Amino acid sequence: MNIEDLRTYCLALPYVEERFPFDDTTLVFCIGGHMFALVDLERADRVNLKCKPDVAVELRERYEGVVPGWHMNKKHWNTVYLQADVPTTVLHEMIDNSYHLVYGGLPKRDRESMPL
């Protein structure tokens, strides 16, 4: 997967917005104003994704291309190298899981205004 495919996939999810809240090179995908995926465009070979802690460890053990989240809470975030050993289907699942984790953590009124 490359950065364009990643961007297309993320933006196809309902209610997703892309932003640059930190600087001009860190592309952030958000739902309800909360981030679920981050890409440093200067190093567009990886993406940070939110993950349940037990699943995060399992993915790190299974794939060399999944490591603790770079500059993130390592318990809840993984960095995934796009050209590594992670199959595209698994990467899509990881993106979907990150998206749903963040969506599930939104206030009820926000989720009601953005039904999935």
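**Exercise 1. Determine whether Arg 19 is buried, partly exposed or exposed, and identify the residue whose side chain meets that of Arg 19 in a salt bridge.**

Solution. In this predicted model, Arg 19 has a relative accessibility of 34%. Partly exposed covers the range between the buried limit of under 20% and the exposed limit of over 50%, so Arg 19 counts as partly exposed. The salt-bridge partner of Arg 19 is Glu 17, with an N to O distance of 2.6 Å. Glu 17, at 40% relative accessibility, is also classed as partly exposed.

**Exercise 2. State how many salt bridges the structure holds, and examine the pairs Arg 7 with Glu 18 and Asp 45 with Arg 46.**

Solution. The count is 5 salt bridges. In one of them, the side chains of Arg 7 and Glu 18 meet at 2.6 Å, N to O. This pair links distant parts of the chain, since Arg 7 belongs to helix 1 and Glu 18 to strand 1, 11 residues apart. Arg 7 is partly exposed at 37% relative accessibility, and Glu 18 is partly exposed at 32%. The side chains of Asp 45 and Arg 46 form another salt bridge, at 2.9 Å, N to O. Here the classes are mixed: Asp 45 is partly exposed at 32%, whereas Arg 46 is buried at 17%.

**Exercise 3. Give the order of the strands in the sheet and explain why strand 1 and strand 5 each have one side without a neighbour.**

Solution. The sheet is open and contains 6 strands in the order 1-2-3-4-6-5, with antiparallel pairing. Strand 1 (16-19) and strand 5 (66-68) stand at the edges; each has a single partner strand, so one side of each lacks a neighbour in the sheet. On average, neighbouring strands are turned by 25° against each other, direction ignored. As one instance of the pairing, strand 4 and strand 6 (residues 77-81) are joined in the antiparallel sense over 5 bridges. Within strand 6, Trp 77 is the bridge partner of Lys 50. Helix 3 lies across strands 1, 2, 3, 4, 5 and 6, running at about 40° to strand 4.

**Exercise 4. Identify the residues that touch the most other members of the largest nonpolar core, and the element that supplies the largest share of this core.**

Solution. The largest nonpolar core has 31 residues, of which Phe 36, Val 47 and Leu 91 touch the most other members. Elements that give two or more residues to this core include helix 1 (3-11), strand 3 (34-40) and helix 3 (88-104). Helix 3 gives the largest share, 7 residues. Apart from this core lies another, of 5 residues, among them Val 28, Cys 30, Leu 38 and Trp 77.

**Exercise 5. Explain why Cys 10 and Cys 30 are not joined by a disulfide.**

Solution. A disulfide requires two cysteine sulfur atoms within 2.5 Å. The cysteine sulfur closest to that of Cys 10 is in Cys 30, 11 Å away, which is too far for a bond. The structure accordingly has 0 disulfides. Both residues are buried: Cys 10 has 0% relative accessibility, and Cys 30 has a relative accessible area of 4%.

**Exercise 6. Locate Leu 13 and list its contacts, leaving aside neighbours within four places in sequence.**

Solution. Leu 13 is placed in the loop between helix 1 and strand 1. With 14% relative accessibility, Leu 13 counts as buried. Outside the neighbours set aside, Leu 13 contacts Phe 36, Ile 95, Asp 96 and Tyr 99. The C-alpha atoms of Leu 13 and Asn 97 are separated by 12 Å, although these residues are 84 residues apart along the chain.

Methods: Residues numbered from 1 in each chain as written. Predicted model: local features only at pLDDT ≥ 70, side-chain atom pairs only at ≥ 80, totals over all residues. Heavy atoms only, no water. Core = buried A, V, L, I, M, F, W, Y, C linked by side-chain atoms within 4.5 Å. Buried < 20%, exposed > 50% of the residue type's maximum accessible area, 1.4 Å probe, protein only. Pairing = 2+ DSSP bridges. Axes fitted to C-alpha atoms, helices over the stretch in contact; angles between N-to-C directions. Contact = heavy atoms within 4.5 Å. Salt bridge = Lys/Arg side-chain N within 4 Å of Asp/Glu carboxyl O.
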